[in-house]
Amino acid sequence: MAGIGFELRKILKKDSLTSVIQAYGIASIVSSGPWVLSIMALMIIGIISIDVIYPSVLIIQFLISVTYMMAGSLILSGFFQILFSRFVADCEFRGEDNRIIPNLFGAMLFLTAVSGAVGFLLLNFLPSIDFSVRICMLASFVLLTNQWIVIIFLSGMKEYYRIVITMFAGYGLMVFLAWSIPPFGLLGLEFIFCVSQGILTFAFLLQVVRSMPGFCFIRFDFLNPHKVYVSLVFCGLFYNLGVWADKFVFWFRNETSYAQIDVMRASYIYDLPIFLAYLAVVPGMAVFIMRIETDFTENCFKFYNSVREGGSLSTITLYKDQMIESCRKCLYKIFKVQGITLALLLVFAKDILSAFGIDLIYLNLFYIDLVGVSLQVLVMSLLNVMYYLDKRYGALILTAVMVSSNFLFSYISIDLGPVYYGYGFAFSMLLCTITGLFLVDRQFSDLEYQTFMLQKTQ
């Protein structure tokens, strides 16, 4: 993410109200743009298709299938997301940029094979769906799995406006095709989604390839046993599982769900409020990117550069104190902005649900989901701090707490009854926030010792 920080700091140096607005705008788009655009595009497609696709249950089946593909592709690619990010960072630090693109192709080939095999096996559990529809779903699943890896590079590129235009064009094309092409039922919707994801994936890949050199076509250095950080593999897996754990619990408990497409289930109680609540994190995510990737990152670089270049102990301690202070201010700023956003949304929650045509019976669940997603922004910030400090095992503990507590608490909340739905997710994020604050505090307290005394020597 450092590429974003460089660009944001350059914008903020103009020291004007316009520059601040521009910086926050870029931070919002980079942090929340992809999933906000995808959610809005799918909602528009659903609305457009209501009057032209019969029966209407096919629209629901399409939206549910896309949700499952998103979840599955994120979890599967989670094995490699953080691991490959670390590999790229190490290559850039050593000045070996020409190794990045060949290994990107290697990662994509590996993920294509794995996701293709997994998708093929899972689609056998959907016998009621036509073969052509399953082919489209399999292709979309493979493309999405690769797309998450390619997106890693977007944060390090400086052509942000081109990225935003590409996203807008891709999802705009998806909406246009849904509106202009004659209805072909579920097959037509799945085909449109597949084509759009293919265009997005290869458009992003083209921009990455044009910006970075490569000395050969394909390599698998990122899988070298001597260079693989196993803890990062599980960090990525546990985080993505933790994000989706409560949804899976509500999808596969009979009390809260119904079968829609064979084994694919949906929760008539939980899905709408939680996905709508996730739109509330945009302000907090913007502050997260702005503060973590500018103030904290700059002080973090100063600290470690001072260590590598033989700075005095007083200088190193000064940079450490500045880094701690910037981290504290960042978390406070996120808490304040997301807290204000949460308060406003709680006040206008009835109007929001009414505007989307959602029954007010979901109001209490929407309240608690808003609290949960707001806490999740803090958890993401704490994880990012740990990754910058290279505290991999601390991040592993936090992500393990996240997936286990979210699954357990959500399961218990269903047993307690409808009044407690959503509390499992919220209490899980609260536990993760407290755990993360404790771990980060401990990591900062002995950072000099960890930096100097526990490094491997050759």
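Mentor: Before we start, two strands pair if DSSP finds at least two bridges between them. Keep in mind that this is a predicted model.

Trainee: Okay, so in what sense do β1 and β2 pair, and over how many bridges?

Mentor: Strand β1 (residues 258-261) and strand β2 (residues 264-266) run antiparallel, with three bridges between them. Across the pair, A259 sits opposite R265 in β2.

Trainee: And which residue in that hairpin takes a positive phi?

Mentor: That's D262, with a phi near 55 degrees; the hairpin has two residues between the strands.

Trainee: Switching to helices: how far does α13 reach from its first C-alpha to its last?

Mentor: Helix α13 (residues 363-388) reaches 38 Å with its 26 residues, close to the 38 Å expected at 1.5 Å a residue. After α13 comes D390, which has a positive phi near 60 degrees.

Trainee: Is α13 largely enclosed or not, and why?

Mentor: It's largely enclosed by the rest of the structure, because 21 of its 26 residues are buried.

Trainee: What about the largest nonpolar core, which residues have the most contacts inside it?

Mentor: F193 and F444, in a core of 128 residues. Helix α3 (residues 57-93) gives the largest share of this core, 17 residues.

Trainee: What does F193 touch, leaving out residues up to four places away in sequence?

Mentor: Among others, L42, F62, V66 and M174.

Trainee: Last one: is N146 buried or exposed?

Mentor: Buried, because its relative accessibility is 5% and the cut-off is under 20%. N146 lies in helix α5 (residues 131-154). Setting aside neighbours within four places in sequence, N146 contacts M108, L111 and T112.

Notes: Residues are numbered from 1 along each chain as its sequence is written. This is a predicted model: local features need pLDDT of at least 70, side-chain atom pairs count only at pLDDT 80 or more; totals for chains, interfaces and linings use all residues. Side-chain values use heavy atoms; hydrogens and water are left out. A nonpolar core is a set of buried Ala, Val, Leu, Ile, Met, Phe, Trp, Tyr and Cys residues joined through side-chain atoms within 4.5 Å. Buried means under 20% relative accessible area, exposed over 50%, partly exposed in between (1.4 Å probe, protein chains only). Helices (H or I, at least four residues) and strands (E, at least two) are DSSP runs, numbered from the N terminus. Contact means heavy atoms within 4.5 Å. The expected span of a helix is 1.5 Å times one less than its number of residues.
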